[in-house]
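Ready to get to know a new structure by working through a few exercises? Have a look around first, then try each task before reading its solution.

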Amino acid sequence: QQYERALADYDRAIALDPNDATAYSNRGNTHHALQQYAQALADFDRALVLDFNYATAYYNRGNTHHALQQYAQALANYDQAIALDPDDVKAYYNRGVTHKALQQYERALADFDLAVALAPNHVKAYYNRGITHAALQQYAQALADYDRAVALDPTLAQAYCNRGNTHAALHQYAQALSDY
């Protein structure tokens with residue numbers, strides 16, 4: 001997490017090769033980590049000028065738009081990343097998270113389903129799919145997803161809390177207390 005040093009290294013790499021799309025994309029990720037979103041977007045834009053088919057740069061730019069709550073732009077970038085790399089689990093997952101933020105729950109479920117199909121041990125995909133099922137009052141599916149998330153990561157406190165909330169919604173108070 002030596003971001004300032006990383007920025008200096010990427011600046012030097014870009015000075016040595018101003019056509020290196022990967023260096024711009026990585027510098028953009030570093031700016032993103034520092035919450036310097038305008039600079040991050042500028043770097044991702046430059047990476048995409050240099051390589052229009054750079055799926056990772058679209059994905060990264062989508063993450064920055066999401067952080068800025070520019071959800072339409074985030075979705076467009078995730079869509080492009082997926083079009084270029086249909087096996088990009090992270091793009092499906094983050095597009096699902098964006099759909100969930102927009103309360104587009106059916107679309108979110110579809111993306112989480114794809115993420116889980118590609119990566120059966122993706123803890124956060126199960127966890128977020130559980131939240132989405134719960135929002136749709138599909139409690140049995142929500143519980144199954146929370147169970148899977150907890151089985152994969154027994155330290156994921158949020159999964160226990162949300163599973164407890166789901167048990168409470170079903171008036172299963174003993175199970176809710178156990179989760180809490």
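Here are four exercises, each with a worked solution.

This is a predicted model, where local features need pLDDT of at least 70, side-chain atom pairs count only at pLDDT 80 or more, and totals for chains, interfaces and linings use all residues. Residues are numbered from 1 along each chain as its sequence is written, and side-chain values use heavy atoms, with hydrogens and water left out.

**Exercise 1. Take stock of the secondary structure and the extent of the protein chain.**

Start with the elements: the protein chain has 11 helices and 0 strands (DSSP runs, H or I of at least four residues for helices and E of at least two for strands, numbered from the N terminus). Next, the span: along its principal axes, the C-alpha trace covers about 65 × 30 × 25 Å. Finally, of the 180 residues, 44% count as buried (under 20% relative accessible area; exposed is over 50%, partly exposed in between, with a 1.4 Å probe and protein chains only).

**Exercise 2. Work out how H1 packs against H2.**

Begin with the axes, which are lines fitted to C-alpha atoms over the stretch in contact, with angles running from 0 to 180 degrees between N-to-C directions. Helix H1 (residues 3-16) and helix H2 (residues 21-33) pack at about 160°, their axes 9 Å apart. So H1 is roughly antiparallel to H2 (the label for angles over 145 degrees). Now find who touches whom, contact meaning heavy atoms within 4.5 Å. On the H1 side the residues include Tyr-3, Leu-7 and Ile-14, and on the H2 side they include Tyr-24, Arg-27 and His-31.

**Exercise 3. Decide whether Asn-63 is buried or exposed, and list its partners.**

First place it: Asn-63 lies in helix H4 (residues 55-67). Asn-63 has 18% relative accessibility, so it counts as buried. Then look past its neighbours within four places in sequence: Asn-63 is in contact with His-32, Tyr-78 and Asn-94. The side chains of Asn-63 and Asn-94 also share a polar contact of 2.8 Å (N or O atoms within 3.5 Å, one able to donate a hydrogen and the other to accept it; residues adjacent in sequence count only if both atoms are side-chain atoms).

**Exercise 4. Check phi and exposure for Gln-69 and His-171.**

Recall that most residues other than glycine have a negative phi. Gln-69, though, has a positive phi near 60°. Gln-69 sits in the loop between H4 and helix H5 (71-84), and is exposed at 59% relative accessible area. His-171 has a positive phi of about 60°. Its loop runs between helix H10 (157-169) and helix H11 (173-179), and His-171 is exposed at 57%.

Technical notes:
Parallel < 35°, antiparallel > 145°, perpendicular 65-115°, else oblique.
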